[in-house]
Amino acid sequence: MAGKRTRILLSLAGIAVVGAAALFYLTLPAPLPEAHWAGLGEPDMANGERVFWAGGCVSCHAAPGSEGDAKKVLAGGLALKSPFGTFHVPNISPDPKAGIGGWTLAQFGNAMTRGVGPGGEHLYPSFPYNSYARMTPKDVNDLFGFLKTLPASANVAPPHELPFPFNQRIALGGWKLLFFNDGPRAPLSASGDQVKRGQYLVEGLGHCGECHTPRNPLGGFQSGRWLAGAPNPEGQGRIPDITPGSKSIGQWSEADIVTYLETGFTPEFDSVGGSMVEVQQNMARLPAEDREAIAAYLKAIPAL
Amino acid sequence: MRFRLIATAALAAALGVGTALAAGTKDEREAIMKKIGGAMGQLVAITKDEKPYDAAVVKTALTTIAESVKAFPDQFPPGSEKNSPAASPKIWENMDDFKAKADKLHADAEGLLAQLPADKAGVGAAVKALGADCGACHQAYRLKVD
């Protein structure tokens, strides 16, 4: 009798160990192999700059309060407050010590698209790699080339201020298992190259969903609520719904959306505000066809 | 005793509301901004070739913007923090900066009046310069409420 119970206990323990091992394995950082990043050739700097503005790196990585050309010094240091604690955005200027000047393309690509740091560690999703995961290897290569042309800074940002357990990078594997996703975010009511380009810009580089999609308590996107609007993480007010179901932009034409992204003016000549100001300034630097693609995509997503 | 306390509290509350109503209602704030928005719309129509360049229209629009924004900070007296959800509480924390941003738009509109944009391209440059002033204040102090 005792023998049987021991056997059951042992096999339960066995299952638990196998389960834990599987979970451990499933939640390990998963970079793409070196070969994925090989043979991409010389970067195209003009495209790299376009990717740079579409990706909005300056909004987080420029030194806080910098204006004009000083924004291109990606010295880091901005404090990003979140429900989990405060993140201090790192230096990604070409400085070989303080920045990413010493990184290989594979290290950079795996940070951007897999959320894996140069030491093989998980990165925090406050860096929007859950969106950048959609980037093509060519765009990653061109962006990396362009970043190297920007000024270097020796600034070292302070470490993040996160309480246990959020300070355990290993635990991010569980988060990724639940929420990391490089597939399409929502069914589209139109097809064609323009809408596809818009999808790439909105779901990927522009990381629009990071602000406009509501989150669950663990920080993952709520399902079925793509771009449906969310509370403002900075306090009062809301980040608006930008689906065709919005009381506001649901009434706008595609041309109205294009004008807003280019000039910051709504059809009522209200002017863009809040954290959208920097996004709009970045969008204004893109070629017109990119703003048109974004507008076409925003008209093709489900109305919420 | 208790009745007197309640009465005093009610009176104080009534007075508080009274001062808040004196200036800075949601309607007053929105009316000023709508005027400014409308004037901006007339300038943008010229840049988009929806209307021909007309010096008189440009002058009126710039005058409306300069005069309206001058009175705007008066709509945010102490105690009016809760009057409109689109006005960020940061306005009252940084009143000097808020006023400076209104002054900047006022000064830029006055500057353009002194050297009136002479053609469509000039109006385009004016829209860009003024638009940056709108964005700078809305970035810090205007909230969206859906």
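Accessible areas come from the Shrake-Rupley method with a 1.4 Å probe, and for residues only the protein chains shown count as cover. Keep that in mind for the exercises below.

This is a predicted model, in which local features need pLDDT of at least 70 and side-chain atom pairs count only at pLDDT 80 or more, while totals for chains, interfaces and linings use all residues. Residues are numbered from 1 along each chain as its sequence is written, chains are lettered from A and ligands numbered from 1 in the order in which they are written, and side-chain values use heavy atoms, with hydrogens and water left out.

**Exercise 1. Describe the surface and interior of chain A.**

Step 1: Start outside. The accessible surface of chain A is about 15000 Å², and carbon and sulfur atoms own 61% of that surface.

Step 2: Go inside. Of the 304 residues in chain A, 43% are buried (under 20% relative accessible area with a 1.4 Å probe, protein chains only; exposed is over 50%, partly exposed in between).

**Exercise 2. Find the secondary structure of chain A and judge how compact the chain is.**

Step 1: Count the elements. Chain A has 12 helices and 4 strands (DSSP runs, numbered from the N terminus: helices are H or I with at least four residues, strands are E with at least two).

Step 2: Compare with the rule. Chain A has a radius of gyration of 21 Å, close to the 19 Å from the globule rule for 304 residues, so it is as compact as a globular protein of that length. Here the radius is taken over C-alpha atoms, and the rule is 2.2 Å times the number of residues to the power 0.38.

**Exercise 3. Place A:T86 in its surroundings.**

Step 1: Locate the residue. A:T86 belongs to strand β2 of chain A, residues 85-88.

Step 2: Check its cover. With a relative accessible area of 16%, A:T86 is buried.

Step 3: List partners. Leaving out residues up to four places away in sequence, A:T86 touches A:A79, A:L80, A:K81, A:H160, A:E161 and A:L162 (contact means heavy atoms within 4.5 Å).

**Exercise 4. Work out how chain A meets chain B.**

Step 1: Look at the partner. Chain B has 6 helices and 0 strands.

Step 2: Count residues. In chain A, 17 residues are in contact with 17 residues of chain B.

Step 3: Find the area. About 1500 Å² is buried between the two chains, with 56% from carbon and sulfur atoms (the accessible area, 1.4 Å probe, that two parts lose on being put together, summed over both).

Step 4: Name the main contributors. A:R238, A:F265 and A:F269 supply 34% of the area that chain A buries against chain B, more than any other three residues.
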